[in-house]
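Thanks for making time this morning; I would like to walk you through one structure, and I will go slowly so that you can follow along on the screen. Please have the model open in front of you.

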Amino acid sequence: MHTSKTLNYAAHAARAKTLLQDAELLLADDAGLMQVENDMEKTWRVGQDEVVKGAGQEGSGGRQEWKLDGGPYRSRYSRNGRHLAIVGSTGHVATFDWQTGTIHAELQLQETCRDITFLQDQSFFAVAQKKYVFVYDRDGVELHRLKAHIEPTRLEFLPYHWLLASVGNTGYLKYQDTSTGLLVAEHRTKAGACRTMAQNRHNAVIHLGHQNGVVSLWTPNLSHPTVQLLAHLGPVVGLSVDPSTGGRYMASSGADGTVKVWDCRNWKGAVRQWTTRGGVAELEWSAKGALAVASGGSVNVYTKPSIQAPFAPKVAPPLYLTHPVPHRPLTSVRFCPFQDILTIGHNAGLSSILAPGSGEPNFDSTEADPFEGKKTRREREVKGLLDKIPPDMIALDVDFVGSLAPPTKLTTAVNDKHDVPFARLPRLERLRVQGKVDETELEGGIEVDDNTNEEGDGNGKKQSKEEREKRKMRGKGKSVKRYLRKQRKNVIDPTAVAIRAKLEKQREERRVAKAIEKGEMEPKKPSALDRFRRS
């Protein structure tokens with residue numbers, strides 16, 4: 001048996017190695033950065049006209065200018081990078097296929113809109129409007145009005161958990177399950193209005209930037225932030241997490257124009273920091289680790305490894321690419337997935353520029369396929385629903401899933417004689433140690449064992465009937481106890497019911513054992529059918 005298993009493992013490993021070699025042959029494309037011939041030339045001096053000429057006919061299609069009224073605008077790409085959603089602050093909303101120019105929906109909502117995001121695919125999108133979050137389908141038909149999300153400012157969608165996260169002027173972070181429609185979690189940040197939010201795609205942790213300069217990290221299963229970091233002396237205006245390194249680095253920008261790069265593994269000070277021109281800066285990491293910083297009237301792009309290498313002086317890293325944008329303010333920057341395209345949202349519309357080497361050249365068709373059809377999209381949606389990860393599994397450390405639980409350190413002494421591990425205590429004792437048992441419910445609903453009363457109070461002293469009754473009724477006349485009994489008069493607590501049933505079963509077992517010992521009953525003979533009896 002063991003030999004066959006070993007052979008199967010060896011065959012599986014050999015097959016996986018062969019498939020890996022085939023994948024390396026098939027995924028031949030590589031992200032190519034701009035290169036110069038000598039040290040006297042600089043890549044940031046290359047303008048967009050030269051980049052478009054060298055990109056070819058297909059690549060040059062990404063250089064576009066959309067002049068729109070109703071700005072400033074914010075944009076969001078779908079996961080496969082094929083579709084683009086834009087929203088203006090005055091209520092202009094549009095979704096379209098940017099490669100073919102096909103418009104899916106265009107709305108004039110006639111009210112303030114602050115953010116937009118696609119849900120699981122381009123079929124649905126959510127808009128953070130003046131008072132609530134609204135969900136629309138591909139044709140622009142309103143489907144849902146999420147009244148729980150009040151005055152939202154930023155939206156994020158977690159694709160593997162099917163959660164729509166929003167934060168607003170009320171200071172609450174809320175998670176909405178888009179597959180069931182339930183509000184999964186609602187956290188009060190206690191930091192006032194929040195206008196900056198980003199997600200770590202590696203572990204689905206939400207990063208929030210507050211007005212007091214604090215950056216906090218949140219998960220649905222904790223009511224308090226997992227990490228709190230004083231990043232800036234003023235309000236935090238920009239946040240982004242690097243997806244190329246598994247979420248190891250985070251970039252933040254403050255209202256004073258300072259940009260800082262943090263190592264998310266230790267949070268021991270900024271890895272690198274510098275000051276930008278023009279004040280407020282918008283940030284975005286690309287799939288290959290390029291950082292775009294939009295401030296003032298220009299957009300600057302920095303590449304690895306200079307932005308991730310520790311550097312003490314407050315000097316900007318070597319510049320890779322720059323592009324002037326005369327339309328202020330610059331409100332958003334978005335990299336297109338699987339393309340070397342950077343989209344900038346500003347007051348006069350949107351501008352798309354080419355950033356060579358910023359996009360991932362190879363895509364996984366099972367995750368995000370830019371060329372998927374209707375049937376493929378449906379199959380991927382069903383598979384995503386079946387593989388949906390519960391919100392409770394979101395954690396800062398993703399390696400805890402599948403690991404062994406640490407040994408418990410909680411122990412308690414029974415009768416002051418010996419120490420018993422917490423895991424070996426009866427359920428009632430475990431609840432009492434944890435402070436979860438309702439002592440008033442137990443005193444009022446569970447009778448004390450007669451054998452215990454006859455023996456005494458635990459110290460070897462006999463108690464009379466009057467003393468036992470007096471001890472049993474101790475504290476029952478207090479106003480708080482009367483109020484609690486009144487509140488629980490018609491309430492059935494499953495925990496209390498389970499404890500009563502267990503104690504009754506134990507009492508019956510002790511009675512039968514005592515009767516057998518005295519000879520009043522005969523012990524039951526074991527039967528072959530006892531294995532099928534329900535406990």
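In this predicted model, E381 and R377 form a salt bridge whose closest N and O atoms are 3.5 Å apart. Both residues belong to helix α3, and because they are four residues apart there, they are separated by about one helical turn. R377 counts as buried, with a relative accessibility of 14%.

R377 has another partner to look at, since D121 also forms a salt bridge with R377, and here the closest N and O atoms are 3.4 Å apart. Where do D121 and R377 lie? D121 is in the loop between β6 (113-118) and β7 (124-129), whereas R377 is in helix α3 (residues 374-386), so this pair ties together parts that are 256 residues apart in sequence. Both D121 and R377 are buried.

If you widen the view, the structure holds 17 salt bridges. Some of them share partners, and in that way R74, R76, D115 and E156 are joined into one network.

Let me now turn to another pair, R82 and D97, whose side chains meet in a salt bridge at 3.2 Å, N to O. R82 sits in the loop between β2 (73-77) and β3 (83-88), while D97 is in strand β4 (residues 92-97), so the pair ties together parts that are 15 residues apart in sequence. R82 is buried at a relative accessible area of 18%, and D97 is buried as well, with 7%.

That brings us to β4 itself. Is this strand enclosed or open to the outside? Six of the six residues of β4 are buried, so the strand is largely enclosed by the rest of the structure. H92, A94 and F96 point one way from β4, V93, T95 and D97 point the other way, and all of these are buried.

On one hand, β4 pairs with β3 in the antiparallel sense over five bridges, with V87 standing opposite V93 of β4. These two strands form a hairpin with three residues between them, and G91 in the turn has a positive phi of about 115°. On the other hand, six bridges join β4 to strand β5 (residues 102-108), again running antiparallel, and in β5 the bridge partner of F96 is I103. The hairpin of β4 and β5 has four residues between the strands, and there G101 takes a positive phi near 80°.

Further along the chain there is an open sheet of four strands, in the order β14-β15-β16-β17, with antiparallel pairing. β14 (194-199) and β17 (227-230) stand at the edges with a single partner strand each, so one side of each is left without a neighbour in the sheet. Neighbouring strands of this sheet are turned by 20° against each other on average, direction ignored. Within the sheet, β15 (residues 206-210) and β16 (residues 214-218) pair over four bridges in the antiparallel sense, and G209 has V215 in β16 as its bridge partner.

As for annotation, an unreviewed UniProt entry places the feature "repeat: WD" at residues 229-263. Over that stretch the chain is 0% helix and 57% strand, and the end C-alpha atoms are 12 Å apart.

I will finish at the surface, where M393, F400 and V401 form a nonpolar patch with about 250 Å² of accessible area together. M393 lies in the loop between α3 and β29 (411-414) and is partly exposed, with a relative accessible area of 37%.

Methods
Residues numbered from 1 in each chain as written. Predicted model: local features only at pLDDT ≥ 70, side-chain atom pairs only at ≥ 80, totals over all residues. Heavy atoms only, no water. Salt bridge = Lys/Arg side-chain N within 4 Å of Asp/Glu carboxyl O. Buried < 20%, exposed > 50% of the residue type's maximum accessible area, 1.4 Å probe, protein only. Patch = residues over 30% accessible without salt bridge, like charges linked within 9 Å, V, L, I, M, F, W, Y side chains within 5 Å. Areas by Shrake-Rupley, 256 points an atom, 1.4 Å probe, with all protein chains shown as cover. UniProt positions renumbered as here; feature names shortened; annotations may be inferred. Pairing = 2+ DSSP bridges. Axes fitted to C-alpha atoms, helices over the stretch in contact; angles between N-to-C directions.
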